Amino acid sequence: MAVTVTGDSEAVAQRETALGVTSARGKRGGRGNGRGPGGGGPNGPGGPGGGGNEEPRRFSPDRYRIGVLVGLASILMMFTALASAYVVRSGLPTSTDWRGGDMPSFVYLSTGLLLLSSLTFARAKSALRHKEPAAYGLWLGVTLLLGLGFLASQILAWRELVGRGLYLATNPHSSFFYVLTGLHALHLLGGILALALLYAYARRAGSSGGDSDEADLKRRTLTDVVGIYWHFMDGLWVFLFLLLLLWR
């Protein structure tokens, strides 16, 4: 009987020792090395203890600039390929079906509107830099109207070609004209939507009064990004205009 009681006492003591070790480990979980399944403790990102003190993600201007530059690189490659195909196709010895005609008169108007829009956008950026919110919103609105005017003049140019009996499949030159100008107008429409959002953001910020430093940085960054895209579309159109005008 004495042996049995002694054995039971030793078993109870072992269980109490195991429970004590487990409890001590649980208390040290908040200071774990970060490999536990729970949130980070006060001295580590992991461990089964409490949550960590993570800072909120700050606004990063470089991400937006890099993103728009990557997008513009893909657009540039596409139009470079189309322009190369245009030049090669027009110079083939067997290009008896190539019929280069006069440039529609509305194309000259659309070119002038787009060049003017780059100047007004530069004026908007200058107003933002000099902390003139009213002038900034005004010149953004003017740029937006000029962009819409460009699209309207492009539609009138296509209607002028239709009036001459030149359609997409009439001859290779008319096909390239519709494709090149149509793709550019489609990409410029994306810029117009970005301008509209930027204009709405400027109006909302102006009506709410003073801005925080982060809000001001965000507005400047978005203006820079939209400006890069808009000026690129302007330069691309000048290239396409000269290509279609001089290489017929």
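What share of the contacts in the protein chain with a separation of 6 or more is accounted for by residues 24 or more positions apart? The share is 73%, where a contact means heavy atoms within 4.5 Å. This is a predicted model, in which local features need pLDDT of at least 70 and side-chain atom pairs count only at pLDDT 80 or more, while totals for chains, interfaces and linings use all residues. Residues are numbered from 1 along each chain as its sequence is written, and side-chain values use heavy atoms, with hydrogens and water left out.

The protein chain contains six helices and zero strands, so that its pattern along the sequence reads α-α-α-α-α-α. Helices (H or I, at least four residues) and strands (E, at least two) are DSSP runs, numbered from the N terminus. Of the 248 residues in the protein chain, 34% are buried; buried means under 20% relative accessible area, exposed over 50%, and partly exposed in between, with a 1.4 Å probe and protein chains only.

Confidence is expressed as pLDDT, the predictor's confidence in each residue, from 0 to 100. Its mean over the protein chain is 81, and 73% of the residues reach 70 or more. Among the elements, helix α3 (residues 105-129) has the highest mean pLDDT, 96, and helix α1 (residues 2-27) the lowest, 46. Over residues 1-9 pLDDT stays under 50, and the model has zero contacts beyond four places in sequence for them. It also stays under 50 over residues 21-52, for which there are 32 such contacts beyond four places in sequence.

The helices α3 and α4 can be followed from end to end. The expected span of a helix is 1.5 Å times one less than its number of residues. For the 25 residues of α3 this gives 36 Å, and the end C-alpha atoms are 38 Å apart, which agrees. Helix α4 has 31 residues and reaches 45 Å from its first C-alpha to its last, close to the 45 Å expected.

Each of these helices is followed by a residue with a positive phi. Most residues other than glycine have a negative phi. Lys-131, just after α3, has a positive phi of about 55° although it is not a glycine. Lys-131 is found in the loop between α3 and α4 (133-163), and is exposed, with a relative accessible area of 61%. After α4 comes Gly-165, whose phi is positive, near 85°.

Phe-241 belongs to helix α6 (residues 213-246). Phe-241 is buried, with a relative accessible area of 10%. Leaving aside residues up to four places away in sequence, Phe-241 touches Met-103, Val-107, Tyr-108 and Thr-111. The C-alpha atoms of Phe-241 and Leu-180 are separated by 9.8 Å, the two residues being 61 residues apart along the chain.

Finally, there is the interior space. A search of the whole structure finds one cavity of 30 Å³ or more, a cavity being a set of points, on a 1 Å grid over the protein atoms alone, where a 1.4 Å probe fits but cannot get out. The largest cavity has a volume of about 110 Å³. Its lining, meaning residues with an atom within 4 Å of a point, comprises 14 residues, of which Gly-101, Asp-102, Leu-161, His-173 and Phe-177 lie nearest its centre. Helix α5 (residues 172-207) supplies the largest share of this lining, three residues.

Methods:
1 Å grid on protein atoms, 1.4 Å probe; cavity = no way out; pocket = protein on both sides within 12 Å on 5 of 7 lines; lining within 4 Å. Points joined across faces, edges and corners; volume = space filled by probe spheres on them.
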